[in-house]
Amino acid sequence: MNELLNIKKSGGNLKIFEQGNLLLISPSGLINPSLIKKDLEVARDFGRNKSNWIYLVNTSKVLFVNPLNLLYLSQIKSLP
């Protein structure tokens, strides 16, 4: 798997990997809106360059999610 991104911010971590048509998102710790925005930005770019792609998120290491994240997560359904 190829690591596309690794961001550590405010007690949270976001790692994004790709393999073929699979985009794997691996958040951990405290997930805030800025990490979700970056996740969606990468997913949009990935989706524009791939057809029939898979967006997979492993949330097993998330400790806390900011309630404002719901506003951003609703954008998932509009990904290409």
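Which residues does Asp39 touch, not counting residues up to four places away in sequence? In this predicted model, the answer is Leu14, Ile16, Ile25 and Tyr55. Before returning to Asp39, it helps to look at the chain as a whole.

The protein chain contains 2 helices and 5 strands. Read along the sequence, these elements follow the order β-β-β-α-β-β-α. The C-alpha trace spans about 35 × 25 × 20 Å along its principal axes. The radius of gyration of the protein chain is 12 Å, which agrees with the value near 12 Å that a compact globule of 80 residues would have. Of the 80 residues in the protein chain, 38% are buried. Contacts that link distant parts of the sequence are well represented: among contacts between residues at least 6 apart in sequence, 54% join residues at least 24 apart. On the outside, the protein chain exposes about 5,000 Å², and carbon and sulfur atoms supply 55% of that area.

The charged side chains come next. The protein chain carries 10 positive and 5 negative charges, and the mean positions of the two sets are 5 Å apart. Side chains of opposite charge can pair when their charged atoms come close. In this model the count comes to 2 salt bridges.

One of these joins the side chains of Lys38 and Glu41, with a separation of 3.0 Å from N to O. Both residues lie in helix H1, 3 residues apart, or about one turn of the helix. Lys38 counts as partly exposed because its relative accessibility is 27%. Glu41 is likewise partly exposed, with a relative accessible area of 39%.

Another salt bridge is formed by Asp45 and Arg48, whose closest N and O atoms are 3.0 Å apart. Asp45 and Arg48 also both lie in helix H1, and here too the spacing is 3 residues, about one turn of the helix. How accessible are the two partners? Asp45 is partly exposed, since its relative accessible area is 41%, whereas Arg48, at 56% relative accessibility, counts as exposed.

Asp39 offers a contrast to these paired side chains. Asp39 is found in helix H1, which covers residues 33-49. Asp39 is buried yet has no salt bridge. Which side chain of opposite charge is nearest to Asp39, and how far away is it? That side chain belongs to Arg44, and it is 8.7 Å away. A salt bridge requires a side-chain nitrogen of Lys or Arg within 4 Å of a carboxyl oxygen of Asp or Glu, so a separation of 8.7 Å leaves Asp39 and Arg44 unpaired. The contacts of Asp39 beyond its sequence neighbours are instead with Leu14, Ile16, Ile25 and Tyr55.

One of those contacts, Ile25, is also touched by Leu56. Leu56 has its place in strand S4, made up of residues 54-57. Not counting residues up to four places away in sequence, Leu56 touches Leu22, Leu23, Leu24 and Ile25. Is Leu56 buried, partly exposed or exposed? At 43% relative accessibility, Leu56 counts as partly exposed. By way of distance across the model, the C-alpha atoms of Leu56 and Gly11 are separated by 22 Å, and these two residues are 45 residues apart along the chain.

Notes. Residues are numbered from 1 along each chain as its sequence is written. This is a predicted model: local features need pLDDT of at least 70, side-chain atom pairs count only at pLDDT 80 or more; totals for chains, interfaces and linings use all residues. Side-chain values use heavy atoms; hydrogens and water are left out. Helices (H or I, at least four residues) and strands (E, at least two) are DSSP runs, numbered from the N terminus. Buried means under 20% relative accessible area, exposed over 50%, partly exposed in between (1.4 Å probe, protein chains only). Lys and Arg count as positive and Asp and Glu as negative; His and the chain ends are not counted. Contact means heavy atoms within 4.5 Å. The radius of gyration is taken over C-alpha atoms; the globule rule is 2.2 Å times the number of residues to the power 0.38. Accessible areas come from the Shrake-Rupley method with a 1.4 Å probe; for residues, only the protein chains shown count as cover. The place of a charge is taken as NZ of Lys, CZ of Arg, CG of Asp or CD of Glu.
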